[in-house]
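Here are some exercises to work through at your own pace. Have the model open in your viewer and try each task before you read its solution.

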Amino acid sequence: MSEGHSTYTPKTGIGRWFDARMPLPRLVYDSFVAYPVPRNLNYAWTFGGILAIMLTAQMLTGIVLAMHYAADSTLAFDSVEKIMRDVNSGWLLRYMHSNGASFFFVAVYIHIFRGLYYGSYKAPRELLWILGCIIYLLMMATGFMGYVLPWGQMSFWGATVITGFFSAIPLVGDWIQQLLLGGFAVDNPTLNRFFSLHYLLPFMIAGVVVLHIWALHVVGQSNPTGIEVKSKTDTVAFTPYATIKDAFGMLVFLFIFAYFVFYLPNFLGHPDNYVVADPLKTPAHIVPEWYFLPFYAILRAITFNIGPINSKLGGVLAMFGSIAMLFLVPWLDTSKVRSAVYRPWYKLFFWLFVIDAVLLGWLGSQPAEGSYVFMAQMATLFYFAFFLVVLPVLGLIETPRRLPNSITEAVLEKNKGSGGGHPARATAAPETKG
Amino acid sequence: MIPKSGDRFPEKIMLETTTARQRISRGFGMKTILTSLALLGLVLAGTAAAPTGAIAQEEAHSEAQPTHFPIHEPKEMDWSFAGPFGTYDKAQLQRGLKVYKEVCAACHSMKLVAFRTLEDLGYSEGQIKALAAEYTINDGPNDAGDMFDRPGIPSDHFPAPFPNDQAAAAANGGAAPPDMSLLAKARGVERGFPRFVFDIFTQYAQGGPDYIHSLLTGYDEQPPAGMEIPEGTHYNPYFIAGVSLKMPNPLSDDQVTYDDGSPQTVDQYSRDVSAFLMWAAEPHLEARKKTGFRVLVFLLLFGALVYLTKRKVWAGVAH
């Protein structure tokens, strides 16, 4: 899309000199100024930019925090407290970093759900979607290891539980677990390697982000109608149109982020992590960070053996399987229509899936006992059914609504009939209010 | 479409039958999906209702053997440091420090807090030097290789009452009293749904001090009949991890003398020391809230300007 029709003309002598040797200004111009974006993008499309900001903020605060942090099990907890008390604006850096991780995940979840809703993963954007899934996986690894670094009770016991998953893998499980831990239990070697990897992974994320954006610029952005860009009237220039809209989206997001950093900095954390790690004292409830809770619920939902697979391995497989589903989405969804706007049944199931994910998150925070277990099993069943049954079957049996011929037509239709020109939408609406 | 000739007629019928059959099969598919979905929804709703019922039953059947702690939720108090403009009440922090020094410090360390930071409480440099000098700090080794005792200086931290955790545990019935530096952030009773959602809007972040205050004032209550209190422990329905704890009631009326005329009651002591511990755990709270207000106002104004610019940019473009 961006290939072959660069409109960049350097105005100065230096500009021409550079352009002939290394056309970086041309790349920037073509990617962030002249780049055509669909004119009908809504605010759900601002989260890519928001994620870029969050990654940058996490790396900047993280680099400064690492200057003051000591990755040693006897020093780590106190060094974090030194940052909180004695380092200039250390409290701000640390709260920005810890809450920044949470808001990074808030943004990425909205970004992923947006992709699911508008079918952004469909051809030719499969690779773009998969690169996104890889970024998400790397984010999870980074977030998990980062949470271990303050060396509080939840750090230690969370690490113990999560690295314990790997021992469920047949044959090589124990070996992998010991490699991760640097020993037989979470200890100083674990902390050291987690710190090293926590510093490394964000740069790997940044690398995959470059590929993600590259792929995006080849295939172009999808849009709320899911119809490909067909003519020049379907698009507007990235600058100023997308730039200013993204900027506004970012400021709203930063406002909410700042509200938490300054007024509720510990709301998303766990009080037990202000108690130094003690290998002899297990907390009453070990819970991971909120953004892992749905997967934690799936892990604990498998309480039964399936043939040769015992419940522990089954839980681990279900948990990794639940993430693996995302990678398969482009091929699980059989519908020819991208956007849920024109798929009344998919729209309904999408919102049920969102509710299911939130429910799983809540169940993950509850003790795995009594009827919570059964609820988690039902919610896990629906989670997998959404991917393995609903997505393939719905595409075959659903009658989509009439699609407009082009983005321009959709936009003009919407602007003309704002209010009540859509009988079909009116009937579909009650089901989606959920 | 008008049929052009008779021979196309059968074809049209065939076409119609196919569509009808497709429609039927579609309708069937939808119905099955809908039904199973409704069933799943019912099951989920049913199971969601079940645990609350079960818990209520559990609680009813044995008050003497509670399974969820604390038995009573912490009482929510008014704190000067709550809310977006919250600040510490210096007089209260000074009283809280006095309670800590005269009561808590006998068993609890506070090793992350340096004397120099007591400036936040309104003390002058001289006062802090004098206060630090009241403590004996074990330092060294000196040039001869010996450890030695010296009076404290402002850069020292509060010394611990016991040489190590083992000594602390041995002197306190097997459990070392927790360090108090972060206690106000390290204790928090789960708020549960939907309260944790409301907490976002009310900015409730005082779970720690509320807990400490409730615990310190909760020793008066009597255990329900039939409840077994392990020997060497003390019943307290506000304790987060059981029916009783090793720490006996530490406070009594008139135990600490206040020179500012504040009431010398257990309730007042508890409030003051809870506020002091909040400061100890979060010494930069005031700066945080003050900076936060400026940041939010900036983001609001800048956001409004960007929004107006956005409207202007997009004014001529239907989207």
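**Exercise 1. Find where helix α5(A) bends, and check its length and its surroundings.**

Solution. Start with the axis: α5(A) bends by about 30° at Gly100(A), where the bend is the angle between axes fitted to the seven residues ending at a residue and the seven starting there. Helices here are DSSP runs of H or I with at least four residues, strands are E runs of at least two, and both are numbered from the N terminus. Before going on, note that this is a predicted model: local features need pLDDT of at least 70, side-chain atom pairs count only at pLDDT 80 or more, and totals for chains, interfaces and linings use all residues. Residues are numbered from 1 along each chain as its sequence is written, while chains are lettered from A and ligands numbered from 1 in the order in which they are written.

Next, the length. The expected span is 1.5 Å times one less than the number of residues. For the 28 residues of α5(A) that gives 40 Å, and the end C-alpha atoms are indeed 40 Å apart, so the two agree.

Last, the surroundings. A residue is buried if 20 or more other C-beta atoms, placed from the backbone, lie within 10 Å of its own, exposed if 12 or fewer, and partly exposed in between. Of the 28 residues of α5(A), 21 are buried, so the helix is largely enclosed by the rest of the structure.

**Exercise 2. Work out where the two residues annotated as "binding site" in chain A lie.**

Solution. The unreviewed UniProt entry gives this annotation to His97(A) and His198(A); UniProt positions are in the numbering used here, feature names are shortened, and annotations may be inferred rather than shown by experiment. Take each in turn:

- His97(A) lies in helix α5 (residues 90-117). With 20 other C-beta atoms within 10 Å, His97(A) is buried.
- His198(A) belongs to helix α9 (residues 188-219). His198(A) is buried too, with 21 other C-beta atoms within 10 Å.

Now list contacts, meaning pairs whose C-beta atoms, placed from the backbone, lie within 7 Å. Leaving out residues up to four places away in sequence, His97(A) touches Gln58(A), Thr61(A), Gly62(A) and Leu65(A). On the same terms, His198(A) is in contact with Thr142(A), Met145(A), Gly146(A) and Leu149(A).

**Exercise 3. Inspect the backbone on either side of α5(A) for positive phi and a cis peptide bond.**

Solution. Begin in the loop between α4 and α5 of chain A, which holds Ser89(A). Ser89(A) has a positive phi of about 55° although it is not a glycine. With 13 other C-beta atoms within 10 Å, Ser89(A) is partly exposed.

Then move past the helix. α5(A) is followed by Gly119(A), whose phi is positive, near 60°. In the loop between α5 and α6 (126-148) you reach Pro124(A), and the peptide bond from Ala123(A) to Pro124(A) is cis, with omega near 5°.

**Exercise 4. Describe the side of chain A that touches chain B.**

Solution. Count first: the contact takes 42 residues from chain A and 44 residues from chain B. Among the helices of chain A that each supply at least two residues are α4 (76-85), α10 (238-263) and α13 (344-365). The largest share, 14 residues, comes from α10(A).

Terms used:
Contact = placed C-beta atoms within 7 Å.
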